[in-house]
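Me: I would like to go through this model by question and answer, starting with its empty spaces. Please give each cut-off once, where it is needed.

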Amino acid sequence: MDTHRMFELAQALAVAKSRQDLPAALRLLHPDMMLESPAFGTTARGSAANERALARFFASFPDYQVELAGHADNGETLVCWGAARMTMTGNRFGVTPNGMRAEVPVFIAFTFADDLIASERFFFDLSVLYTQSGVSTDAVRRTLFGELDRALR
């Protein structure tokens, strides 16, 4: 796939997610799509799992917006970088946020198949998001990674 088409798909996904337009986002994803978010410790595979993951993400961050500032590729993988802006809501992570909008640098790696996005690895610093949201990163880590954190001690 050419560089222009890869970035066009990534940009269209960024726009759809920034509008919280779940149907538009899902149309860009391959049926076997794998969405990984290492900061949250999550992986979603396939259309149904991606739909659930995105719906849950939009419920937690209803004003999510992402801006892609740059990109590079090797002909198979596209990497983009930029900033995500979002307000954490609810208590999904076992904490009560301050209601302030956070801005975090992001790095996203995409692969493609059948002229669709086949995988997305979404990287950001969890502590930057939670510090700006007024919550304890340690408390969130206990909620997200409790068993793993206990095992590592």
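Reply: On a 1 Å grid over the protein atoms alone, a pocket is an open set of points with protein on both sides within 12 Å along at least five of seven lines, a cavity is a set where a 1.4 Å probe fits but cannot get out, and lining residues have an atom within 4 Å of a point. Points are joined across faces, edges and corners, and a volume is the space filled by probe spheres set on them. The model is predicted: local features need pLDDT (the predictor's confidence in each residue, from 0 to 100) of at least 70 and side-chain atom pairs count only at pLDDT 80 or more, while totals for chains, interfaces and linings use all residues. Residues are numbered from 1 along each chain as its sequence is written, and side-chain values use heavy atoms, leaving out hydrogens and water.

Me: Over which residues is the pLDDT below 50?
Reply: For the chain, the mean pLDDT is 91, and 95% of the residues reach 70 or more. One stretch has two contacts (heavy atoms within 4.5 Å) in the model beyond near neighbours in sequence, and its pLDDT is below 50: residues 147–153. Where pLDDT is low, the predicted coordinates should not be read in detail. The stretch to which this caution applies is 147–153.

Me: Which element gives the most residues to the lining of the largest pocket?
Reply: The volume of the largest pocket is about 420 Å³. It is lined by 19 residues, and those closest to its centre are F40, T42, A53, F57 and R92. Two or more lining residues come from each of β1 (29–37), β2 (42–45), α3, β6 and α5 (137–152); helices (H or I, at least four residues) and strands (E, at least two) are DSSP runs numbered from the N terminus. With four residues, the top contributor is α3.

Me: How many charged residues does the lining of the largest pocket have?
Reply: Asp, Glu, Lys and Arg count as charged; Ala, Val, Leu, Ile, Met, Phe, Trp, Tyr, Cys and Pro as nonpolar; the others, Gly among them, as polar. In the lining of the largest pocket, 10 residues are nonpolar and four are polar, and the charged ones number five.

Me: What is the volume of the largest cavity?
Reply: Counting cavities of 30 Å³ or more gives one. Its lining consists of A10, L13, A14, K17, Y64, V66, L68, I108, F110, E120 and F122. By class, nine of these are nonpolar, none polar and two charged. The volume they enclose is about 60 Å³.

Me: Which element supplies the largest share of that cavity's lining?
Reply: At least two lining residues each come from α1 (3–18), β3 (65–73), β5 (101–113) and β6 (116–124). The largest share is four residues, and it belongs to α1.

Me: Is K17 buried or exposed?
Reply: K17 sits in helix α1 and is among the residues lining the largest cavity. Beyond four places in sequence, K17 touches L54, F58, Y64 and E120. Under 20% relative accessible area means buried, over 50% exposed, in between partly exposed (1.4 Å probe, protein chains only). K17 has a relative accessible area of 9%, so K17 is buried.

Me: How far apart are the closest N and O atoms of E8 and R5?
Reply: The structure has eight salt bridges (a side-chain nitrogen of Lys or Arg within 4 Å of a carboxyl oxygen of Asp or Glu) in total. E8 and R5 are both in helix α1, three residues apart, which is about one turn of the helix. E8 is partly exposed at 37% relative accessibility, as is R5 at 25%. In their salt bridge, the closest N and O atoms are separated by 2.3 Å.

Me: Which residues do salt bridges with shared partners join into one network?
Reply: The side chains of D63 and R101 form a salt bridge at 3.1 Å, N to O. This pair links distant parts of the chain, 38 residues apart: D63 is in the loop between α3 (47–60) and β3, and R101 is in strand β5. The network of salt bridges sharing partners consists of R5, E8 and D115.

Me: Which of the classes buried, partly exposed and exposed does D21 fall into?
Reply: D21 forms a salt bridge with R19, at 3.2 Å from N to O. R19 has 51% relative accessibility and therefore counts as exposed. D21 has a relative accessible area of 23%, so D21 is partly exposed.

Me: How far apart in space are H71 and A109, C-alpha to C-alpha?
Reply: H71 belongs to strand β3 and, at 33% relative accessibility, is partly exposed. Leaving out residues up to four places away in sequence, H71 touches T3, F7, L78, V79, C80 and W81. H71 and A109 are 38 residues apart in sequence, and their C-alpha to C-alpha distance is 9.5 Å.
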